[in-house]
Amino acid sequence: MQGIVWLHIATGALAVLAGAWALASRKGGQPHRRSGQVFAGAMGLSALTGAVVAALLPGQLITLLAGLLTAYLIATGVLAARRRQPENAWPEAGLAFVGLGLAVAMGVMAVMAAGNDAGTFQGYPVVAYAFLGGIAGIGTAFDLWRLARWRKPYARPTRVSQHLWRMCIAFFIAAGSAFTGPGASAFPAALRESGVLAIPEPLILLLMLFWLFRVRLRSKTTETGA
């Protein structure tokens with residue numbers, strides 16, 4: 001158990017560092033690709049080991065599902081970047097099934113939290129389950145859309161956008177765990193109380209929106225021949 005916890009912490013820290021480098025570097029360049037590969041591997045392992053630890057602890061069902069959701073986002077993000085016209089749809093179909101299961105589970109727990117007098121389930125509010133369930137639902141909807149259009153070309157801007165938002169949301173979840181969640185206890189009290197640790201999460205979302213805008217704008221510019 002202790003070995004799994006330390007592996008989770010070490011890979012999570014590596015993922016945060018690699019994710020920051022990948023998000024800041026020019027998309028498609030060698031530094032972005034290398035740091036992105038490190039991020040995907042470290043984040044996927046950290047998410048899965050975190051899910052294992054949560055499964056062994058009482059009252060940590062949301063942590064278990066958040067770990068599985070992060071692993072799902074990493075896996076589908078990598079597939080979106082690499083599989084332009086894959087020969088079969090089994091990986092995407094399997095992951096869509098996982099995403100659907102996570103969305104349903106989070107939805108059920110959101111309903112249970114809403115029905116509780118305290119408005120929580122296992123100590124977490126409705127909004128926490130709704131947010132994670134919404135992410136899983138959006139990811140699954142795009143997965144099913146892709147499967148429905150399996151024989152049609154997967155346009156590069158769409159593929160890049162899918163890769164980008166999935167990896168950024170996984171990074172957002174990791175940063176939340178590291179800076180404002182359980183990992184915050186590793187920082188000095190003065191730093192925790194300063195509010196600085198709350199900066200990475202909105203910054204990641206802002207950078208995600210910036211790069212999504214850049215990708216869509218560039219694709220429109222290419223289409224018009226400007």
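**Note on a predicted helical model**

1. R218 sits in helix α8, which covers residues 200-224. The model is a predicted one. R218 also belongs to a positive surface patch. The other members of that patch are R26, R33, R156 and R214. Each member has over 30% relative accessible area, because that is required of patch residues.

2. The largest nonpolar core holds 45 residues. Within this core, F39, L69, L73 and Y129 touch the most other members. Several helices supply at least two residues each: α1 (2-24), α2 (30-55), α3 (61-82), α4 (90-114), α5 (126-148), α6 (156-180) and α8. Helix α6 gives the most, with twelve residues. In soluble globular proteins, nonpolar side chains tend to be buried together.

3. How many salt bridges does a search of the whole structure find? The search finds one. The side chains of D143 and R166 form a salt bridge, with 3.1 Å from N to O. The pair links distant parts of the chain, 23 residues apart. D143 lies in helix α5, and R166 lies in helix α6. Side chains of opposite charge can pair when their charged atoms come close.

4. Are D143 and R166 buried or exposed? Both residues are buried. The bridge between α5 and α6 is therefore made by two residues that each have under 20% relative accessible area. Helices α5 and α6 also each supply at least two residues of the largest nonpolar core.

5. Q122 deserves a check of its backbone. Its phi is near 55°, a positive value in a residue other than glycine. Most residues other than glycine have a negative phi, and most peptide bonds are trans. Q122 lies in the loop between β1 (120-121) and β2 (124-125). Q122 counts as partly exposed because its relative accessibility is 35%.

6. A nonpolar patch lies on the surface. L100, V104, V108 and M112 make this patch, which is about 340 Å². V108 is found in helix α4. Why does V108 count as partly exposed? Its relative accessibility is 44%, and partly exposed means between the 20% limit for buried and the 50% limit for exposed. Helix α4 also supplies at least two residues of the largest nonpolar core.

7. Two residues of helix α3 can be set side by side. T76 lies in α3 and is buried, because its relative accessible area is 7%. A81 has its place in α3 too, but A81 is partly exposed, with a relative accessible area of 29%.

8. Each of these α3 residues has a C-alpha distance on record here. T76 and L100 are 24 residues apart along the chain, and their C-alpha atoms are separated by 13 Å. L100 is one of the residues in the nonpolar surface patch. A81 and T158 are 77 residues apart in sequence, yet 9.9 Å apart in space, C-alpha to C-alpha.

9. G44 lies in helix α2. G44 is buried, because its relative accessible area is 14%. Its C-alpha atom is separated by 18 Å from that of I204. Along the chain, G44 and I204 are 160 residues apart.

10. N88 has its place in the loop between α3 and α4. N88 counts as partly exposed because its relative accessibility is 35%. How far apart are the C-alpha atoms of N88 and T180? They are separated by 40 Å. Along the chain, N88 and T180 are 92 residues apart.

Terms used. Residues numbered from 1 in each chain as written. Predicted model: local features only at pLDDT ≥ 70, side-chain atom pairs only at ≥ 80, totals over all residues. Heavy atoms only, no water. Patch = residues over 30% accessible without salt bridge, like charges linked within 9 Å, V, L, I, M, F, W, Y side chains within 5 Å. Areas by Shrake-Rupley, 256 points an atom, 1.4 Å probe, with all protein chains shown as cover. Salt bridge = Lys/Arg side-chain N within 4 Å of Asp/Glu carboxyl O. Lys, Arg positive; Asp, Glu negative; His and termini not counted. Charge placed at Lys NZ, Arg CZ, Asp CG, Glu CD. Helix = DSSP H or I, 4+ residues; strand = E, 2+ residues; numbered from the N terminus. Core = buried A, V, L, I, M, F, W, Y, C linked by side-chain atoms within 4.5 Å. Buried < 20%, exposed > 50% of the residue type's maximum accessible area, 1.4 Å probe, protein only.
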